[in-house]
There are 2 protein chains.
Amino acid sequence: MDGVLLVLSGPSGAGKGTVCRVLLEKQPGLHLSVSATTRQPRSGEVDGVNYFFVSEEQFKNMVAGQELLEWARVYNHYYGTPVRAVQQALARGEDVLLEIDVQGGLQVKEKFPMAVLIFLLPPSRAELAARLKGRGTDSMEEIERRLQWADTELQYLERYDYVVINRQVAEAVVTIQAILTAEKCRPRRVKLDPSWVG
Amino acid sequence: MDGVLLVLSGPSGAGKGTVCRVLLEKQPGLHLSVSATTRQPRSGEVDGVNYFFVSEEQFKNMVAGQELLEWARVYNHYYGTPVRAVQQALARGEDVLLEIDVQGGLQVKEKFPMAVLIFLLPPSRAELAARLKGRGTDSMEEIERRLQWADTELQYLERYDYVVINRQVAEAVVTIQAILTAEKCRPRRVKLDPSWVG
């Protein structure tokens, strides 16, 4: 049986990173997709593990050759999801997790309708503002910009398959595990005993 | 938030009755829908609790008045699901469980597209045959008839939302609970904090 492609999106400050980390620990058979990027490796990052590190020319060739499930430019660098690695993992029966923005998520759904799109959302806008302030890394302008970006992303909520409110990380992870369990019961995904089909 | 209407179907011998009983014990907020029937109450059955006991004329009026979400004739009696009781329970935020045959399930989905249809299936046809024989209540002809009916019902599997293989009752119940958790995360069902929508 093919694995499930799980896409997790949500505003900056929703807790996507922590939820992904705990989810990957708790859910055997789920693996994080390795993105391609044109940015330089940071100390300790390993090619093929953290990212596939490619040149800008290589990246543009991947785009032209439709080798990316989705891609985006962030500041001066490109990031994208190599489609072949994802397909191979799914065919091996592994579930694959993508942590990407809403625009990327919708790109994936278009190319891969069986993908399961989950929107992770903090309980309220005030809670998101508090979390962003609590990180202490962003200026007030940057926080305001992120909140407005969250409002923009929220307009696409209806096009996602599921919305998970991140009140507590452990609770959000259990909910996402339930979604994965449910999606494995879709008629197209269930492998029936041959005695039924004969 | 409106509750979820859960429809459980599957061949006779799949274990629907047991799975429903355990599910109702384990899942707070989930209630079994009370059907209307023209058959006589058996000893101990209470009107409005086990069934709504109605006359054949009353039943026909309910059908004519579109008061039933689905109905069927079984031997000489009519059985149906009163739509108003289901709607009222859902509006109160309760989840409602219907245990009905595949034809009834598809009738419900047509009138109520938000209904969640689950097909409960034994691991294999041989296992179903063994369970039917093990009950010791049916003749060989009756068992063969039920197996053929299972084959017929299976043709509608793709129109169901989920398939749950009933290997162990406890495992099937946990899977159905996961489906309910997932369905409560559908964008149309999630009640967002007003700060998001303003």
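**View 1. Polar contacts across the interface of chain A and chain B.** In this predicted model, 10 residue pairs, both at pLDDT 80 or more, make polar contact across the interface of chain A and chain B. (A polar contact here is a pair of N or O atoms within 3.5 Å, one able to donate a hydrogen and the other to accept it; residues adjacent in sequence count only if both atoms are side-chain atoms.) As for salt bridges (a side-chain nitrogen of Lys or Arg within 4 Å of a carboxyl oxygen of Asp or Glu), the count between the two chains is 0.

**View 2. What chain A brings to the side that touches chain B.** Helices H5 (125-135), H6 (140-154), H7 (169-183) and H8 (194-197), plus strand S9 (162-165), each give two or more residues. H7(A) has the largest share, with 6 residues. (Helices are DSSP runs of H or I, at least four residues; strands are runs of E, at least two.) Sorted by class, this side holds 20 nonpolar, 4 polar and 8 charged residues, with Gly counted as polar.

**View 3. Buried area between chain A and chain B.** Together the chains bury about 2,500 Å², 71% of it on carbon and sulfur atoms. A:Cys185, A:Pro187 and A:Trp196 supply 28% of chain A's part, more than any other three residues. (Buried area is the accessible area, with a 1.4 Å probe, lost on putting the two parts together, summed over both.) Contact, meaning heavy atoms within 4.5 Å, links 32 residues of chain A with 32 of chain B.

Residues are numbered from 1 along each chain, and chains are lettered from A in the order written. Local features need pLDDT of at least 70, and side-chain values use heavy atoms, leaving out hydrogens and water.
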